[in-house]
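Me: Could you teach me how to read helix packing and domain contacts in a model like this one?

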Amino acid sequence: MGGLNTSLLIGMQALDASQGALDATSNNIANANTAGYTREVPQFSENEENLSGGVVTGGGVTLDGLQSVRDELLNLQIQQQTSLQSGADTESTSLQQIQSFFSASSGNDISTQLTAFSSSLAQLSATPTSTSAQQSVLSSGQDLANAFNSTASGLASAQSDADGQVTQTVAQINTLTQQIAQLNGQVSQLTSAGQDGGTTEDQRDELVQQLSALTGVSITQSSDGETITTGNGTPLVVGSQSFSLQTTTGSNGFQQVLDSNGNNITSSIQGGQLGGAIQVRDTTIPGFMSSLNTLATQFATSFNAAQAKGFDSNGNAGQAFFSVPANSANAAAGISVALTNPSQIAISSDGSSGSNGNVANLSAALTNDLPSGDTPANAYANLVFQVGSAASNASTQSTAIGQNLQQLQTQQGSVSAVSVDEETTNLLRYQTAYDAAARIVNTIQQLNTVTLDLGSSESF
Amino acid sequence: MRIDPNNVPQILADMQQSQVSLNTALQQVSTGKRVTQPSDDPYASAAMVQNTIETGDVDQYTQNASTVLSNIQSADSALSSVVSSLTQAVSLGTEGANGANSTANLQAIATQVQGLLTSVVGQANTSVAGSYLFGGTSTATPYTADPSSPTGYTYNGNNDVNSVAIGDSTSVQVNLPGSQIFSNSSNNVLASLSNLVTALQSGNSTDIGNATTAVSSAISYIGQQRVVYGSAESQVNAQETFLQQDTVTLASQQNNLIGVDEATAAVNLSQAETDNSAALAAAAKVLPNSLLNFLSAPS
């Protein structure tokens, strides 16, 4: 049977344990709003019982440590969804920027200028000799060419923005992977020593979370910590070592992403800001650009052919109205009006200046099918539809993934987030435990005094 | 089961969502449009491209129709003056052919007919807004005096006609060249008048009679030619009616594509306001709630 000292020891251990639990509680409350913080719960265990004189008594309590409450599977799901959402967000932002060039409310879009051009030709039909009607055809033709130019330059600038984003994002990824590798090493040291990863692991998970917003990653756990690779298996972090991505200017003038061995992995990158920017830059915008260039080339060719069928106001055969660069990749960016004087418009079908016979051919160039199989208006309408539905899809996708993500975060919150109410309750609980343990110490102290004063006349 | 203690993100998301709905509803009410950018409704935005172009064209065709109509009416009224001049010439010719006139009288009648010829040539040179109605597609003055010509006038225009677009696939012929109306080889109006002048000057009753008959047949020839203008006029009138209907159709199509029903928009706005207030009220109630509010301060 243990003596008073045993009880005193148990009381002291209880004080220590309660003290540790209060520390955990106050740290939880302090970090209630820290991003990536995982609540910690104190782990108590009973001490080995004392066997003394055939009687077994309890051995008190030990605080084993603090345990972070986390769900690795949820973390993985959140990281995946974050990649998807951030990719869709990047595309959506870029497409919002692009679609303003296709919006009829801008007043300088191709649709508005095509309308003005078509009307000016119809007016010319009624008043073929009016200089102002001729001038109006020439200037609305110039406006139409400008609308093509500005739409093309809008696409090109969105593309170069996306290209800039690739370089920036790769730099951010490299900074993050270095930090993650360092923390990864620390976490694996802690866990191999049987300890909880705690705040180091929180920090690492938070950085991995940030990394997954930048690019899609795949994460596997191994004995020396997490292994992080891009979707196609290019290693970014293995244990405590990080592998930097590099960028280099490719043959198309845009930044290509290389792995640490110099292999081009641009086309295999998916998800995250990087994946979104590459998707917009290499697939979405080139698609729009190519439709726009085809339209510019075919429209100019068809209108020039109509112009060639007639005669200008001076009786000369009609010369090309629009000039387009020979390289069709620059057609929309470089289309311009070749005529310099309204008298060069081929209005006449018979060479006399009062004839309007060729205006019908010019107007028909706007309503007849181009080689693509659509009228210019329909070809442009198709493009508007493509841009609009791409923008709408990206934003719908972002919203849908966002909701999914929020649900996962709520689940994660239900596991890992700090509840101030819960901590307040714990505070009261550990306070009471601490009070009681202190009372034990106090009581034992009094008993010791009583024992030491046995037989003293002054006592009682 | 433990629940997520942190309801702030959810509350923020709800408030944001209701704010987005409110903004959308507000924008629809204030602009009257459901679609302001292609992503709002890609299909409608694409269909609007065609609609805008057609609307612009229909406006212009309507203007063309009214320009054409005024040209046709001017031409028709010029021809009507020509007919009355010719009718006058016929009565003068009939008077000259009755054999009871002195040479002086016949000369006076010949001078009058010559005056009518000048007036007909004046009508043939009618121009509207700088272009000649009877000069073909040429911009030269159609008839100028030419002493070497048997009629005393030479035609400077050409034989072409202009057709003006008053619809996507509808155009109307707006002029007849003078070479067809006034100096046609088989029915030369000017020559019939100038022959009458010559016959009157010669004093031969038979010649005067023949020349008068020729002027009469010129009247019926002009009458036939006026039919072209008459049918063009009725074609333009019919097209104007169609264009008016088309304007309405296009406007209603536009409204269906990108417009917003005002009643629906107003209801949506008020619904969005209610939702937004509810989200804010809920946030105000939930956010400050904590166990701490109910614990008495430690003494």
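Reply: We take a helix pair first and then a pair of domains.
This is a predicted model, in which local features need pLDDT of at least 70 and side-chain atom pairs count only at pLDDT 80 or more, while totals for chains, interfaces and linings use all residues. Residues are numbered from 1 along each chain as its sequence is written, and chains are lettered from A and ligands numbered from 1 in the order in which they are written.

Me: At what angle do the axes of helix α5 and helix α6 of chain B cross?

Reply: Axes are lines fitted to C-alpha atoms, for helices over the stretch in contact, with angles from 0 to 180 degrees between N-to-C directions. Here the axes of α5 (residues 189-202) and α6 (residues 205-258) of chain B cross at roughly 160 degrees and come within 8 Å; α5(B) and α6(B) are therefore roughly antiparallel, a label for angles over 145 degrees.

Me: Which residues of α5(B) and α6(B) meet?

Reply: Contact requires C-beta atoms, placed from the backbone, within 7 Å. Among those in α5(B) are L193(B), L196(B) and L200(B), and the α6(B) side includes I208(B), V215(B) and I222(B). The residues of this contact divide into eleven nonpolar, four polar and one charged (nonpolar: Ala, Val, Leu, Ile, Met, Phe, Trp, Tyr, Cys and Pro; charged: Asp, Glu, Lys and Arg; polar: the others, Gly among them).

Me: How many Å separate the centres of domain 1 and domain 2 of chain A?

Reply: Domain bounds come from an automatic or database domain assignment, which for chain A gives domain 1 (4-69 + 418-452) and domain 2 (76-407). Their centres, taken over C-alpha atoms, are 63 Å apart, and the contact takes nine residues from domain 1 of chain A and ten from domain 2 of chain A.

Notes. Helices (H or I, at least four residues) and strands (E, at least two) are DSSP runs, numbered from the N terminus. Angles under 35 degrees count as roughly parallel, over 145 as roughly antiparallel, 65 to 115 as roughly perpendicular and the rest as oblique. Two residues are in contact if their C-beta atoms, placed from the backbone, lie within 7 Å.
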